[in-house]
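Welcome! Please open the structure and have a look around before reading on. Where would you begin a tour of a protein chain?

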Amino acid sequence: MIRNNQKYFNRLLVLLDALVITASYWLSWFLWIQIYVGENNPETGILPIETYFTAFIAIVPGWLILYNMFDMYSSKRTSGSMHEVLNIIKASTSGLLAIMVVLFAINIPDFSRGMVGVFYAINIVAESMMRKGVRLSLRYMRRKGYNIKHMLLIGYSRAAEEYINKIRSNPEWGYDICGILDDRVPEGAVYKGVRVIGEIDALTAMLSENELDEIGITLSLSDYDRLEAIVNTCEKSGVHTKFIPDYNSVIPSRPYLEDLDGLSVVNIRHVPLTNLTNRAIKRATDIFGASVAIVLFSPIMLLAAVGVKATSKGPLIFKQERVGLHNRPFKMYKFRSMEVQPVEDEKKGWTKKNDPRVTKIGRFLRKTSIDELPQFFNVLKGDMSLVGPRPERPLFVEKFKEEIPRYMIKHQVRPGITGWAQVNGYRGDTSIRKRIEYDLYYIENWSMAFDFKILFLTFFKGFINKNAY
């Protein structure tokens, strides 16, 4: 059984970890004590190897305990390697701090801190490489049909189909879906090679055969009244059970689980920027970035201003009402790129290819996104951010919120000069639905690193806009 194999695999992994820790420790001792200190500082007091061996006896089990504390021995079939590397760094950093505290407490001044630092770095690199090698080896074996987990799904639903799609697209995860139990879909129905093999009442008999490694509960929303009884049946068998909820139409991305004094509360959407600290960091970055950008781009803005005024009559800056944070309207600034026209004509729609209203200099400004540069002043005012969903005009907001599900969620954060949708090509006359998908992904996965990535990509993908007319 795979459940027993997991125990053997964990024991093997502990052994490999111990070997890596051992090799890293003594390599660090050799490089730092024997080579660096011995050759460059021969007069320095060097402790005998027995002292370092005594420390080594404590460090190996200590590091293994830390690895276990940081969840490095649970199944990693479907998780990314970066998550594992981060746990290695966390465990090693905790171990490093513990060593420093112990050395200070027992007062061993000649125990080499430099060697400890080298061990810390070498072990992180070596452990990460070893774990990556194990991960690649296991995924290769699973592609070949070894180390497979056999799984049964309970309930035919959209969640079941999506789960099967994921499993079929990732054979390296090592899952074999044996079938589906469902009361509504007739026995024999097939979805991508997975067959409905009976009704849910057959679950008890199948579990008694003890040939399953996991149960996936994929009930449709209409069958949730049976959930408690099914979970009780699964837990009596001791088979690991997962709940794959059929609520993607309501919660399309990562839900945020909150513990309310023992009561689990699922937030419909996790928005990191609702956190005060995150908002403050992003706002400070916006103010600094916009101030620097205004100084850097001031020569370009000066040339653009001269070009606009010299080629057409009318105001230099075009102010247009857009909808921003919390659905509040604001005036967004642009260099004027069109002939002055009545307000009614402005509301007719987006600019089309070869639009006669666009001036010659305006066409260039739009193609290169120079017309957007005055929006750095919107950022300073607090109407916009450097990065975020692009703001839309009120008439289009009213239209799209009725036509596109979850459209209004974009207004939970400040709109941006550039965004995840824009650097992926969704600017100008492109799919609004795809734009919203990218905007929602950004909103739910925001981080400062993500913002910096988008700003970096903007320099290569965001300035020249083939869809700008």
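This briefing walks through a sheet and its helices, a hairpin, two further helices, some salt bridges and some unusual backbone angles.

Keep in mind that this is a predicted model. A good place to start is the open sheet, which is built from six strands. From there we move on to smaller details, one topic at a time.

**The six-stranded sheet**

- Going across the sheet, the strands come in the order S3-S4-S2-S1-S5-S6, and their pairing is mixed.
- Which strands sit at the edges? They are strand S3 (190-191) and strand S6 (240-243), each of which has a pairing partner on one side only.
- Inside the sheet, strand S2 (residues 175-181) and strand S4 (residues 194-198) run parallel and are joined by two bridges.
- To find one of these spots on your screen, look for Ile 180, whose bridge partner in S4 is Val 196.

**Helices that meet the sheet**

- Helix H5 (residues 158-169) packs on the sheet, where it touches strand S1 (149-154) as well as S2, S3, S4 and S6.
- The direction of H5 makes about 160° with that of S2.
- Helix H7 (residues 227-237) lies across S1, strand S5 (214-217) and S6.
- Compared with S5, helix H7 runs at about 175°.

**A hairpin**

- Strands S9 and S10 (residues 329-335 for S10) pair in the antiparallel sense, with seven bridges between them.
- In this pairing, Glu 321 stands opposite Lys 331 of S10.
- Together S9 and S10 make a hairpin, with five residues between the two strands.
- His 326 is in the loop between S9 and S10.

**Unusual backbone angles**

- Most residues other than glycine have a negative phi.
- His 326 has a positive phi of about 55°, although it is not a glycine.
- Ser 369 is another non-glycine residue with a positive phi, of about 65°.
- You can find Ser 369 in the loop between helix H10 (360-368) and H11.
- Is Ser 369 buried or exposed? Its relative accessibility is 7%, so Ser 369 counts as buried.

**Helix H12 and its buried face**

- Which residues of helix H12 (residues 394-403) are buried? They are Phe 396, Val 397 and Phe 400.
- Looking down the axis of H12, you would see these buried residues within an arc of 100°, so they line one face of the helix.
- A rule of thumb helps here: an α-helix has 3.6 residues a turn, so residues three or four places apart point the same way.
- The buried residues of H12 pack against strand S9 (317-323) and helix H14 (432-444).

**Gln 375, a buried polar side chain**

- Gln 375 belongs to helix H11 (residues 375-381).
- Its relative accessibility is 0%, so Gln 375 counts as buried.
- A polar atom of the Gln 375 side chain lies 3.3 Å from the backbone oxygen of Tyr 333.
- Beyond its neighbours within four places in sequence, Gln 375 is in contact with Met 332, Tyr 333, Lys 334, Met 384, Arg 390 and Ile 417.

**Salt bridges**

- Side chains of opposite charge can pair when their charged atoms come close.
- How many salt bridges are there? The count comes to 15 salt bridges.
- One of them joins the side chains of Glu 214 and Lys 149, at 3.3 Å from N to O.
- This pair links distant parts of the chain, with Glu 214 in strand S5 and Lys 149 in strand S1, 65 residues apart.
- Both Glu 214 and Lys 149 are buried.
- Another salt bridge brings together the side chains of Arg 226 and Asp 183, at 2.1 Å from N to O.
- Arg 226 is in the loop between S5 and H7, and Asp 183 is in the loop between S2 and S3, so the pair ties together parts that are 43 residues apart in sequence.
- Arg 226 is partly exposed, with a relative accessible area of 25%, and Asp 183 is partly exposed too, at 35%.
- Lys 381 and Asp 383 also meet through their side chains in a salt bridge, at 3.6 Å from N to O.
- Lys 381 is exposed, with a relative accessible area of 51%.
- Finally, salt bridges that share partners join Asp 17, Glu 84, Glu 127, Arg 131 and Arg 135 into one network.

Technical notes:
Residues numbered from 1 in each chain as written. Predicted model: local features only at pLDDT ≥ 70, side-chain atom pairs only at ≥ 80, totals over all residues. Heavy atoms only, no water. Pairing = 2+ DSSP bridges. Helix = DSSP H or I, 4+ residues; strand = E, 2+ residues; numbered from the N terminus. Contact = heavy atoms within 4.5 Å. Axes fitted to C-alpha atoms, helices over the stretch in contact; angles between N-to-C directions. Buried < 20%, exposed > 50% of the residue type's maximum accessible area, 1.4 Å probe, protein only. Polar contact = N/O pair within 3.5 Å; in protein donor to acceptor, adjacent residues only side chain to side chain. Arc of directions from axis to C-beta. Salt bridge = Lys/Arg side-chain N within 4 Å of Asp/Glu carboxyl O.
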